[in-house]
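Trainee: I have a structure to read and I want to justify each term I use. Can we go through it step by step?

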Amino acid sequence: MKHFFTTACLLFALATGARAQSLPATPAQSEGFKTISEYGEIVAFLNEISAFADVRVIGSSVQQRNIYAVEFPKGSFGKDTGKLKVLIFAQQHGNEQSGKEAVLLLISELSKPGYRHLFEQIDLAVIPQINPDGGELNQRRNAKSTDLNRNHLILTEPETQSLHAYFDRNHFDMTVDVHEYSPFGDSWMKYGYRKNAQVTFGALTNYNIGGNIRGFEKKTALPFVMKEVASKGYTTFEYCPGGPPGVDYIRFSTFDINDGRQSFGSQGVLSFIQEGMNGEDMFTDNLEIRATSQLSGLMGFLRFAKENSVEIRELVRQERALISSKTEGSEVCIQAVHKSDGTILPLPLVNIRTLKDTTVNVSDFRPVVHCLKNVEAPFAYLIPKGDKMLVQWIETMNFETLSKIKKGKFNFSTKQITGFYSVDFEDDTIQLPQTVARPSGKFNLKEYIILPVNQLKGRIMVQALEPESMISLATYPQFTYLTENRSIYPILTVSRKK
Ligand SMILES: [Zn+2]
């Protein structure tokens, strides 16, 4: 592995032009990265930082720890609507410590006066720990054993609820979700080679997210950020889970909207994942390099955001307008598969025994998300007010509702469940209901909440509420009652009479 820069050297390079000023070191930094920054130390650190940035409590965890957001520039975050709004959040997974450490280093770095130029174009919010309980326990999940990065659709956890409420209040244009990957699993050890990139980056993959946004991320943003990281002496590659070659295929990100990046991306935002490489002990091993390499990626993203702020804002504006006014009648993909397009992936690996770099050509590489089933988005869905689970979900999701509609202008249909069929969803076999649409018959509109699809979360809504969607609400244990052991799906569909 190449790491030509020590932390001090890197930070100096990043802050070129800044006056030397005594700034609070991060807790791990002041202990030489021999140990992680613990929650109590982070609270003290953020208290010192509040002289340079606004520190806000945006919610609390299962065990009542605060979730903090640090907002730059101090005193004026969110006030100038002409600026690009960027959100960086880390440690959804508690045992991925370096994301948090990098974000703390970032906060310290950006507190220097040399970054005024950056904040003339950008308002930045950074959340070091979405999952402070998991962080303290060095465990992936939160204190209720929920994987927060599989919770962005049903939003049952206080941590994801806090993040989404904060996102909704601030209308961010760009987000980066910071993680770590571990290349040290058994199957790789057996294979004899492992992945070796110190920082990897992933773009949006959900089929329903506009091609302009996905294309701009992949063709413009990722190469820019990867070049920045390489220029600081770190190894980097595109985020591509799966493998080892010959054992399992390699693809890009999941297209499921239950993770942080696709759920925000589905709302017309430029959204990314950054993954550093975890240590062999999944804790403090190699922590300094892990944190500083991730920091170089975050600085790359900020530089990209600054240099492209006008184009990003325009892309986001167009995409949001499209979702908010034209989701109705559009084709929404509800079943998809990762597919090969014939590309062979040259995957950089390292020999586990000799530590020599090598490149393996991966033939089972599936970079394309191919849609298998579409639906035409209706005008609205009707949610029975008597269903407490659904009513609570609608409130948490912060959907817009309509108080009334003219019944005579619409057709109302229901879906009859005639059986179940199996589909492959990212290596799991799942059961989906076979449905047939039928006119609804008589019902009292007052007993339903009206959810129009023409709203910022309209595409999410269609993928969540269509019963044959492979990423629908009904695929979660809490919501299987919507389709199991019943002949009629309880959510009605509203379409305009033609
Ligand atoms: Zn993770």
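**Reading the sheet and the fold**

Mentor: Start with the open sheet. Its eight strands follow the order β1-β2-β4-β3-β5-β10-β7-β8, and the pairing is mixed. Keep in mind that this is a predicted model.

Trainee: What makes β1 and β8 the edge strands?

Mentor: Each of them pairs on one side only. β1 covers 54-60, and β8 covers 236-238. Neighbouring strands in this sheet are turned by 20° against each other on average, with direction ignored.

Trainee: How do you know that β1 and β2 are paired?

Mentor: Pairing needs at least two bridges. Six bridges join β1 to β2, so the pair qualifies. β2 spans residues 66-72, and the two strands run antiparallel. For one position, look at Val55, which stands opposite Val70 in β2.

Trainee: Which strands does β20 pair with, and how many bridges are there?

Mentor: One partner is β16, residues 380-384, with three bridges. Three satisfies the rule of at least two, so β16 and β20 are paired. β20 itself takes in residues 488-496, and it runs antiparallel to β16. Here Ala380 has Val494 as its bridge partner in β20.

Mentor: Another partner is β17, residues 410-425. It is joined to β20 by six bridges, again in the antiparallel sense. Lys415 has Tyr489 as its bridge partner in β20.

Trainee: Now the whole chain. How many helices and strands are there?

Mentor: The protein has 14 helices and 20 strands.

Trainee: Why is it called as compact as a globular protein of that length?

Mentor: Set the value against the rule. The radius of gyration is 23 Å, and the globule rule gives 23 Å for 498 residues. The two are close, so the protein is as compact as a globular protein of that length. Along the principal axes, the C-alpha trace spans about 70 × 55 × 40 Å.

Trainee: What makes a residue count as buried, and what share does?

Mentor: The cut-off is 20 or more other C-beta atoms within 10 Å of its own. Of the 498 residues, 48% count as buried.

Trainee: What share of the contacts with a separation of 6 or more joins residues 24 or more positions apart?

Mentor: Such pairs account for 76% of those contacts.

Trainee: Where do the domains lie?

Mentor: The domain assignment gives domain 1 as 7-326, domain 2 as 332-370 and domain 3 as 378-496. The centres of domain 2 and domain 3, taken over C-alpha atoms, are separated by 36 Å.

Note on methods:
Residues are numbered from 1 along each chain as its sequence is written. This is a predicted model: local features need pLDDT of at least 70, side-chain atom pairs count only at pLDDT 80 or more; totals for chains, interfaces and linings use all residues. Domain bounds come from an automatic or database domain assignment. Helices (H or I, at least four residues) and strands (E, at least two) are DSSP runs, numbered from the N terminus. Axes are lines fitted to C-alpha atoms, for helices over the stretch in contact, and angles run from 0 to 180 degrees between N-to-C directions. The radius of gyration is taken over C-alpha atoms; the globule rule is 2.2 Å times the number of residues to the power 0.38. A residue is buried if 20 or more other C-beta atoms lie within 10 Å of its own, exposed if 12 or fewer, and partly exposed in between; C-beta atoms are placed from the backbone. Two residues are in contact if their C-beta atoms, placed from the backbone, lie within 7 Å.
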